[in-house]
Amino acid sequence: MSIAKVTEIIVESEKSFEDAVVQGVKRANKTLDQVKAAWVKEQQAVIENGDVVGFRVVLKVTFLLKD
């Protein structure tokens with residue numbers, strides 16, 4: 001039997017929402033074992049002086065707990 005846990009992380013990228021997701025999953029894998037899924041809960045554009053300068057996502061990352 002496997003038991004999973006979900007944690008929420010916030011990631012920002014200067015490139016795109018997709019890049020924020022990819023970077024978030026890469027970072028989660030450094031700390032969490034057996035990352036199995038990431039769900040984009042929220043997206044936000046970061047605005048400065050009327051220009052989009054960043055892309056932020058709130059991810060719910062699912063990983064398996066050790067036996």
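Modeller: First, some ground rules: two strands count as paired if DSSP finds at least two bridges between them. Helices (H or I, at least four residues) and strands (E, at least two) are DSSP runs, numbered from the N terminus. This is a predicted model, where local features need pLDDT of at least 70 and side-chain atom pairs count only at pLDDT 80 or more, while totals for chains, interfaces and linings use all residues. Residues are numbered from 1 along each chain as its sequence is written, and side-chain values use heavy atoms, with hydrogens and water left out.

Biologist: Fine, on to the sheet. In what order do the three strands sit?

Modeller: β1 and β3 run antiparallel and are joined by 10 bridges. β2 and β3 also pair in the antiparallel sense, over 12 bridges. β1 and β2 each have a single partner strand, so one side of each is left without a neighbour in the sheet. The sheet is open, and the order is β1-β3-β2.

Biologist: Let me check the register. Which residue in β3 is the bridge partner of Trp39?

Modeller: Take the β1 side to begin with: Lys5 stands opposite Phe63 in β3, and Val6 stands opposite Thr62. On the β2 side, Ile47 has Val52 as its bridge partner in β3. For Trp39, the bridge partner in β3 is Lys60.

Biologist: And the hairpin: which residue in its turn has a positive phi?

Modeller: β2 and β3 form the hairpin, with two residues between them. The residue you want lies in the loop between β2 and β3 (51-64) and is exposed, with a relative accessible area of 80% (exposed means over 50%, buried under 20% and partly exposed in between, with a 1.4 Å probe and protein chains only). Its phi is about 50°, although this residue is not a glycine. That residue is Asn49.

Biologist: Gln34 has a positive phi too. What is its value?

Modeller: Gln34 lies in the loop between α1 (17-31) and β2 (35-48). Gln34 is partly exposed, with a relative accessible area of 42%. Gln34 is not a glycine, yet its phi is about 55°.

Biologist: Now the helix. At what angle does α1 run to β3?

Modeller: α1 lies across β1, β2 and β3, where contact means heavy atoms within 4.5 Å. Axes are lines fitted to C-alpha atoms, for helices over the stretch in contact, and angles run from 0 to 180 degrees between N-to-C directions. One helix residue to look at is Ala20, which, leaving aside its neighbours within four places in sequence, is in contact with Val11, Glu12, Ser13, Phe55 and Val57. The angle between α1 and β3 is about 40°.

Biologist: Which element supplies the largest share of the largest nonpolar core?

Modeller: A nonpolar core is a set of buried Ala, Val, Leu, Ile, Met, Phe, Trp, Tyr and Cys residues joined through side-chain atoms within 4.5 Å. The largest one here has nine residues: Val11, Ala20, Ala28, Leu32, Val35, Val57, Leu59, Val61 and Phe63. α1 and β3 each supply at least two of them. The largest share, four residues, comes from β3.

Biologist: How are the rings of Phe17 and Phe55 arranged?

Modeller: Rings of Phe, Tyr and Trp (its six-membered ring) pair if their centres lie within 6.5 Å; planes under 30 degrees apart count as stacked, over 60 as edge-to-face and the rest as tilted. That rule gives one aromatic pair. The two ring centres are 5.1 Å apart and the planes stand at 75°, so Phe17 and Phe55 are edge-to-face.

Biologist: Last topic, charges. Which residue is linked with Lys41 and Lys60 in a network of salt bridges?

Modeller: A salt bridge is a side-chain nitrogen of Lys or Arg within 4 Å of a carboxyl oxygen of Asp or Glu, and the structure holds four. Lys41 reaches its partner at 3.0 Å, N to O, while for Lys60 the closest N and O atoms are 3.8 Å apart. That shared partner is partly exposed, with a relative accessible area of 42%. The residue is Glu8.

Biologist: And what is the closest N and O distance between Arg56 and Glu12?

Modeller: This pair links distant parts of the chain, with Arg56 in strand β3 and Glu12 in strand β1, 44 residues apart. Arg56 is partly exposed at 26%, and Glu12 counts as partly exposed at 44%. Their closest N and O atoms lie apart by 2.8 Å.
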